[in-house]
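This report covers a ligand site and one helix that takes part in it. The sequence and structure come first.

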Amino acid sequence: MRIVVLTGAGISAESGVPTFRDADGLWEGHRVEDVATPEAYVADPVLVHEFYDARRAALAGVVPNPAHRALARLEEALGDDLLVVTQNIDDLHERAGSTRVLHMHGELLKAWCLACEGRHPWDGPMGGDPACPGCGAPALRPDVVWFGEIPYEMDRILDSLGRADLFVSIGTSGAVYPAAGFVQQAARHGVRTLELNLQPSEGTAWFREARHGPAGVLVPAWVEDLLGPAAD
Ligand code: BJW
């Protein structure tokens with residue numbers, strides 16, 4: 001069975017990574033829509049670097065939760081028949097053991113040099129205009145996808161969606177496109193669809209089946225439905 005899983009901020013919530021649109025959904029009084037844009041970066045790069053530097057620093061203090069680990073277990077069983085498409089820029093899927101992960105909104109631990117176009121691993125602060133490890137220019141930005149920019153790996157994602165037997169959406173509000181439209185694209189291809197989310201997402205009506213509760217409970221239970229109980 002070929003499965004495409006889409007994950008959003010909700011899968012990392014139980015690891016202690018804040019979501020975007022729960023509670024007040026604000027960072028220091030700013031909505032994500034006001035910080036995560038190329039225009040915001042041009043207008044106030046110091047503020048935007050503070051936002052990402054704080055999140056990059058916090059990553060060292062969090063660990064994968066049972067939902068991430070259950071998806072890694074599923075990959076062990078399905079191999080190439082499982083693709084995880086994540087909107088998250090954290091590395092918790094990889095740290096749980098998943099290897100087939102597409103980061104459609106980029107990665108917190110990568111820098112993109114606007115001078116030489118090089119992309120580089122980056123685990124420190126980016127504020128203060130550090131030099132690009134490739135060309136030396138002080139022109140690094142986080143390698144993430146902001147509103148108005150084109151998400152990464154779209155061709156591979158749409159191709160995999162069209163060939164899947166099951167599409168599962170985990171921990172995402174369904175507020176941000178194109179990810180929010182994947183369920184409709186999957187349904188158009190006759191792919192079975194399942195939502196696993198704390199509460200009904202904005203797109204919940206498009207899913208053939210929806211289960212609501214914490215990802216740390218729902219995802220291991222769903223994987224156990226498919227594979228049987230875990231050995232440990
Ligand atoms: C739990 C839980 C637990 C909590 N267990 N669950 C008008 C109409 C339609 C579209 C547009 C429009 N105007 C503009 C657009 C396009 C725009 C868009 O969608 N805007 C919307 C605001 C309407 N999109 C874009 O600009 C995108 N680009 C684009 O469309 O290019 C055109 C193109 C596409 C394709 C091909 C060719 C051309 C780019 C979008 C980039 C989004 N970037 C961000 C920031 C990334 C870097 C960063 O992390 O800072 O991505 S914004 C932010 O939102 C981040 C997230 O990945 C994304 C989605 O958020 P997510 O993951 O869903 O989080 P939340 O907080 O919203 O939801 C969490 C959910 O978890 C909730 O439901 C909770 O209940 C649940 N939950 N705890 C299970 N324990």
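## Ligand site and helix 9

In this predicted model, a nitrogen atom of the ligand has a backbone N or O atom of alanine 215 at 2.8 Å, a polar contact being a pair of N or O atoms within 3.5 Å. Taken alone, the ligand exposes 1,500 Å², of which the protein buries 77% (Shrake-Rupley areas, 1.4 Å probe). Two further polar contacts involve oxygen atoms of the ligand, as listed with the first below.

| Ligand atom | Protein partner | Distance |
|---|---|---|
| nitrogen | alanine 215, backbone N or O atom | 2.8 Å |
| oxygen | alanine 9, polar backbone atom | 2.8 Å |
| oxygen | threonine 172, side-chain N or O atom | 2.6 Å |

Around the ligand are 36 residues, and Tyr52, Arg55, Thr172, Ser173 and Tyr177 come nearest (a residue is near if one of its heavy atoms lies within 4 Å). This shell divides into 19 nonpolar, twelve polar and five charged residues, with Gly counted as polar. Helix 1 (9-13) and helix 4 (45-59) each supply at least two of its residues; helices are DSSP runs of H or I, at least four residues long, and strands are runs of E, at least two.

Ala215 is one of the buried residues of helix 9, along with Gly216, Leu218, Val219, Trp222 and Val223 (buried: under 20% relative accessible area, 1.4 Å probe, protein chains only). Their cover includes helix 1, helix 5 (66-78) and strand 1 (3-7), contact meaning heavy atoms within 4.5 Å. Just after helix 9, glycine 228 has a positive phi of about 90 degrees.

Residues are numbered from 1 along each chain as its sequence is written. Local features need pLDDT of at least 70 and side-chain atom pairs 80 or more, totals for chains, interfaces and linings use all residues, and side-chain values use heavy atoms, without hydrogens and water.

How values were computed
Polar contact = N/O pair within 3.5 Å; in protein donor to acceptor, adjacent residues only side chain to side chain. Buried < 20%, exposed > 50% of the residue type's maximum accessible area, 1.4 Å probe, protein only.
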